[in-house]
Amino acid sequence: DFGLMTYDPAYTNTASCRSSVTFIDGDVGILEYRGYPIEQLAEKSTYLEVAYLLVYGELPTQQQLDWWVNEITLHTFVHENVKEFVGGFRHDAHPMGMLLGAVGALSTFYPDAFDIDDPASREIQTIRLISKMPTLAAFAYRHIQGRPYVYPDNDLAYPDNFLSMMYKMTELKYEPDPRLSRALDILFILHADHEQNCSTSAVRSVGSSQVDPYSAVAAGIAALYGPLHGGANEAVLRMLRRIESVDNIPGFIEGVKAGNERLMGFGHRVYKNYDPRAKIIKSAAEDVFEVTGRNPLLDIALELEKIALEDEYFVQRKLYPNVDFYSGLIYEALGLPVEMFPVMFAIPRTSGWIAQWLEMTQDGEQKIARPRQIYTGDRGRDYVPIASR
Ligand code: SDX
């Protein structure tokens with residue numbers, strides 16, 4: 001008897017797990033990692049320190065942080081055959097599809113069999129995934145650019161190493177403007193985790209079968225690829241380019257209200273207030289544009305936000321800018337093509353995914369994910385020979 005079961009099309013009212021990693025209050029617009037407000041972490045921390053916090057639950061001492069940064073740095077290289085694997089994609093393959101494939105294949109490149117019951121095995125997989133994601137992302141980018149791959153430069157900090165693998169074109173050490181590196185590190189902090197979103201739920205569900213974490217994270221990448229989730233930052237830039245001028249905003253907004261399309265980068269299943277991450281990204285964008293020059297699309301984004309926040313359609317539905325509304329403007333200013341935007345989301349979200357995977361694997365009560373259904377089909381029908389159909 002499924003009488004007690006209720007169908008929730010948004011999966012919102014059915015808690016899928018207990019977790020102490022990230023807290024969100026969507027009505028007020030609060031986001032905390034392990035109890036620390038995102039605003040303080042974005043201002044005072046670094047992405048690798050935040051990744052440590054998410055994984056181990058506490059801010060590291062200097063000694064712990066030095067060990068962690070050294071471990072992450074030492075594991076940035078990937079097996080040489082991974083280059084062949086990435087090189088096998090079409091020249092115009094979407095980098096998110098390439099990342100999905102490469103991470104899924106990663107588990108096959110290690111001789112040490114993954115042992116879910118061994119804390120040391122779980123820890124080395126955690127380190128490998130966080131450290132190798134930028135390398136795989138940069139390899140995908142260099143592939144679609146038709147350029148030779150750039151190996152990690154382990155003298156560089158995490159964001160600088162990524163930018164070096166992306167953009168280095170000479171033998172000289174790649175030295176990005178520190179303001180751009182800091183803006184990228186803040187974006188990584190803001191995207192690191194977000195409770196039980198679609199991709200994290202996918203990682204937990206797939207991981208609950210006790211498969212290796214590379215396969216579970218590949219499932220997360222697949223979910224994040226979708227335009228309603230991580231693909232939204234790419235969709236926002238395409239939308240802003242299509243609007244082209246602030247003069248076209250009223251007509252565009254009417255089309256959204258008529259249901260022709262969505263205002264991408266707006267709305268959220270949990271935040272029914274301003275996404276705290278969007279506020280921080282908006283101010284980080286201004287810092288970046290001091291270096292790169294102002295992106296004219298920012299004026300369209302600002303005017304879109306202003307008009308939408310005063311329009312009953314959006315106010316009534318509690319639709320506010322989310323994390324994806326302004327982030328693409330920074331990625332474009334950093335020289336990234338729009339196809340790379342969801343990849344930029346996947347790099348930092350790897351630490352959230354793996355922190356939640358670790359929490360699940362260490363929770364002795366967690367069982368394999370096995371949702372039920374409300375059956376709406378026929379019952380007890382007899383087979384009909386094809387001649388009689
Ligand atoms: C992320 O879950 C997470 O935490 C995700 C994330 C994370 O860090 O992991 O925060 C990252 O995915 C952010 C969201 C990025 N996606 C987008 O920006 C795409 C555009 N936004 C939406 O499609 C939408 O707002 C969702 C998918 C984000 C949330 O959708 P819901 O909660 O399922 O809301 P809904 O589709 O039921 O919409 C409710 C109403 C509907 O109108 P009515 O049917 O009541 O008339 O609001 C409307 C929708 O049509 N609506 C929008 C809209 N979003 C919802 N209308 C116009 N533009 C929008 N963006």
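The following paragraphs describe a small sheet, a buried helix, a buried serine, the salt bridges and a surface patch in a predicted model.

The model is predicted, and local features were taken only at pLDDT of at least 70, side-chain atom pairs only at pLDDT 80 or more, while totals for chains, interfaces and linings use all residues. Residues are numbered from 1 along each chain as its sequence is written, and side-chain values use heavy atoms, with hydrogens and water left out.

Helices (H or I, at least four residues) and strands (E, at least two) are DSSP runs numbered from the N terminus. Two strands are taken as paired if DSSP finds at least two bridges between them. Three strands make up an open antiparallel sheet in the order E1-E2-E3. Strand E1 (22-25) and strand E3 (36-37) are the edge strands; each has a single partner strand, so one side of each lacks a neighbour in the sheet. E1 is joined to E2 by four bridges, and these two strands run antiparallel. Within this pairing, Ile24 has Leu31 in E2 as its bridge partner. The hairpin of E1 and E2 has four residues between the strands, and Gly29 there adopts a positive phi near 90°.

Strand E2 (residues 30-33) is also joined to E3, by two bridges and again in antiparallel fashion. Here Tyr33 is placed opposite Tyr36, and Glu32 opposite Pro37. The hairpin of E2 and E3 has two residues between its strands, with Arg34 in the turn at a positive phi of about 50°. The two faces of E2 are unlike in cover: Leu31 and Tyr33 lie on the covered face, whereas Ile30 and Glu32 lie on the uncovered one.

Burial was assigned from relative accessible area (buried under 20%, exposed over 50%, partly exposed in between; 1.4 Å probe, protein chains only). Helix H2 (residues 47-56) has nine of its ten residues buried, so the helix is largely enclosed by the rest of the structure. The buried residues of H2 include Tyr47, Glu49 and Tyr52. Gly57 follows H2 and has a positive phi, near 90°. Leu48 is another residue of H2, and its relative accessibility of 9% places it among buried residues. Contact is defined as heavy atoms within 4.5 Å. Apart from neighbours within four places in sequence, Leu48 contacts Trp68, Val69, Ile72, Ile130 and Tyr158. The C-alpha atom of Leu48 is separated by 39 Å from that of Gln316, which is 268 residues away along the chain.

Ser131 belongs to helix H6 (residues 119-145) and is buried, at 1% relative accessible area. With neighbours within four places in sequence set aside, Ser131 is in contact with Ile72, His75, Thr76 and Tyr158. A polar atom of the Ser131 side chain lies 3.1 Å from the backbone oxygen of His75.

A salt bridge was counted where a side-chain nitrogen of Lys or Arg is within 4 Å of a carboxyl oxygen of Asp or Glu. The whole structure contains 20 salt bridges. One of them links Arg90 and Asp92, with 2.6 Å between the closest N and O atoms. Arg90 is exposed at 57% relative accessibility, and Asp92 is partly exposed at 44%. Another joins the side chains of Lys257 and Asp311 at 2.7 Å, N to O. Lys257 is in helix H12 (residues 249-257) and Asp311 in the loop between helix H14 (297-309) and helix H15 (312-316), so this pair ties together parts 54 residues apart in sequence. Lys257 is partly exposed at 31%, whereas Asp311 is buried at 13%.

Lys282 and Glu305 form a further side-chain salt bridge (3.2 Å, N to O). Lys282 lies in helix H13 (residues 276-292) and Glu305 in helix H14, so the pair ties together parts 23 residues apart in sequence. Lys282 is partly exposed, with 26% relative accessibility, and Glu305 is buried, with 6%. In addition, salt bridges with shared partners connect Asp153, Asp155 and Lys173 into one network.

Patches comprise residues with over 30% relative accessible area and no salt bridge, like charges being joined within 9 Å and nonpolar side chains (Val, Leu, Ile, Met, Phe, Trp, Tyr) within 5 Å. Accessible areas come from the Shrake-Rupley method with a 1.4 Å probe; for residues, only the protein chains shown count as cover. Met5, Tyr7 and Ile374 make up a nonpolar surface patch with a combined accessible area of about 310 Å². Ile374 is located in the segment after helix H17 (341-362) and is partly exposed, at 39% relative accessibility.

Methods: Polar contact = N/O pair within 3.5 Å; in protein donor to acceptor, adjacent residues only side chain to side chain.
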